[in-house]
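Please open the model in your viewer and keep the selection panel at hand. The stops below go from one chain to the place where two chains meet.

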Amino acid sequence: MTALAHIGSTGAGAQTPGGPAPEPTKKGGITAYLLLLPGVLWLLVFFVAPMAQLAAVSLQSQFPGYPGYYYRDVNFGSYVTAMTEYLPQFGRSLLFAGAATLLAFVLAYPLAYAMAFKAGKWRGLMMICVIAPFFTSFILRTIAWRQILADEGPIVGALKWLHVMPSSGRITETGFAVVAGLTYNFLPFMVLPIYASLERADPKIIEAGGDLYANGLTTFRRVTLPMSMPGVLAGTLLTFIPAAGDYVNAELLGSDSTKMVGNVIESQFFKVLGGFPVAAALSFTLMAVILALVFVYVRRYGTEELL
Amino acid sequence: MTTGQKLRFWISERIVMIIAVAVLLYLFLPVAYTFAFSFNNYRKSNIAWNPEGSPTLKHWQDPCGVEGICESLGTSIRVGFIATLAATILGTMLAFALVRHKFKGRGAGNMLVFIPMATPEIVLGASLLTIFVQGFTRVGLKLGFWTIVLAHIMFCLSFVVVTVKARLQSLDPRLEEAAEDLYADPRSTFWRVTFPLVLPGIVSAALLSFSLSFDDFIITNFISGNESTFPKFVYVSYLRGIPAQANVIGFSMFVIAVLLVVVGQVIGSRRRSPSS
């Protein structure tokens, strides 16, 4: 996805020649509102109104004896069902997304670091390599993973041959496979912001840090990592949020015991008659939890200019 | 530096690159799988290799050979174009207003743009489904092509705003000041100085929109009714076995996109080099 290319270049381009971005100079007036009107209207009709409708649906009650028919109500019963019956899936979503974010960070950081400081003339090529796989539909790539990790596939075969894995062991249909799939799918969203913030950093400062602390690890911890924090922050959000709401990886790589909240929402909408209110309550809770986490996280570590 | 330190430094320098290359290979593994299985001469093409083992070119010669595959690809491309055009225009206008103008409610405007990006796709899909089914159908809008377009414009919009905003904020204000000093009126300052400078941001916003729209599955799956896009086609056909033609198309998109990126970079660097 060029999406990703862009996240990288946005960061890189954000350095203004004359210091921080200038504050808006023009007075408001009619032009501002005319420019705003169509976009804001669009977001009101296709984002705010649907959210309000979703909230209303989550509070609806069912006509007794008529499954699939609801009436307007203020009934929190769906939230109670959502939080009691589907708590494991909810927890799993946050856990899997957290694990995938952590793994993606561990994999992405060396890659971003190599691109920013070691790649030299290969930098452009490496950038293309990070983005390129994402033009092949993510559904296709996830299905490819399913086959690569399958019981009769090469990886399981090799692990069994090495006796690292018992002969009954498998990778697909485990939580590990789901986390691996999530990690894979959102890795570039971690790489590019970290790369952008490292690329903006002055390598001389890191050298100076090296002279000061001598120890590579200390230099990294005290100098390099703090300088790349805006990128790490953006990357973790761009990985965690879509991972927590994903259901494709759990569907294709997991089993019934690895279902995430996304799977529940999807099946309540499409496979359960009268499942709308519970699905809406789950969606709303998921969004509230994620927004709360994002705000706490950004407050704690972040800057405003982020996204 | 002592020899030991030098050695350690040498290794640590290489180790980062080695890990980086390994991670890149990991990223490419499923693409290679897709490429290989586009030559598979077997009914259930993605599950196992043909027992007779001979690769075939027939899927490349007839990529539309499976019912519905090219129709769904066509739908994806049409949705992508319309959504990109609309989202780019609306988003660029929003970005100009948010960066260049001071007005009441600017903070709220920024928030309204940010929150859709921080909302998981499944929640966007669910909310759109409820309003399409329970509200919009009363005015005659059925789930299908146009509901996909409306939804795609919405989720692309925020990404366009963020992209164009970043470009606008990084502009050197002195360039526009210079134009004004040379007695350009605001209109020609805008069209001859500001707009050309912002254009690369608008172009990458459009590319971003198209790729987001083209690859979207979760939202589309909620609000598409019987209409099929390419990702939806692949997902639905997964249960029966994915036709090898899907691999052909998937890999071709990869090649086309890489070529576009390379051409774009070459043009970009040519344009930049004489001026700097």
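Colour chain A by pLDDT (the predictor's confidence in each residue, from 0 to 100): the average is 81, and 88% of the residues score at least 70. This is a predicted model, in which local features need pLDDT of at least 70 and side-chain atom pairs count only at pLDDT 80 or more, while totals for chains, interfaces and linings use all residues. Residues are numbered from 1 along each chain as its sequence is written, and chains are lettered from A and ligands numbered from 1 in the order in which they are written.

Select helix α4 (residues 87-118) of chain A, which has the highest mean pLDDT among the elements of that chain, 92, and then helix α1 (residues 2-13) of chain A, which has the lowest, 42. Extending the selection to residues 1-21 of chain A shows a stretch where pLDDT stays under 50.

Now show chain A as a cartoon, where 14 helices and two strands appear; helices (H or I, at least four residues) and strands (E, at least two) are DSSP runs, numbered from the N terminus. Of its 307 residues, 47% count as buried, that is, with 20 or more other C-beta atoms within 10 Å of their own, the C-beta atoms being placed from the backbone.

Next, display both chains: 85 residues of chain B are in contact with 83 residues of chain A, contact meaning that C-beta atoms, placed from the backbone, lie within 7 Å. On the chain B side of this interface, α1(B) supplies the largest share, 15 residues.

Note on methods:
A residue is buried if 20 or more other C-beta atoms lie within 10 Å of its own, exposed if 12 or fewer, and partly exposed in between; C-beta atoms are placed from the backbone. Two residues are in contact if their C-beta atoms, placed from the backbone, lie within 7 Å.
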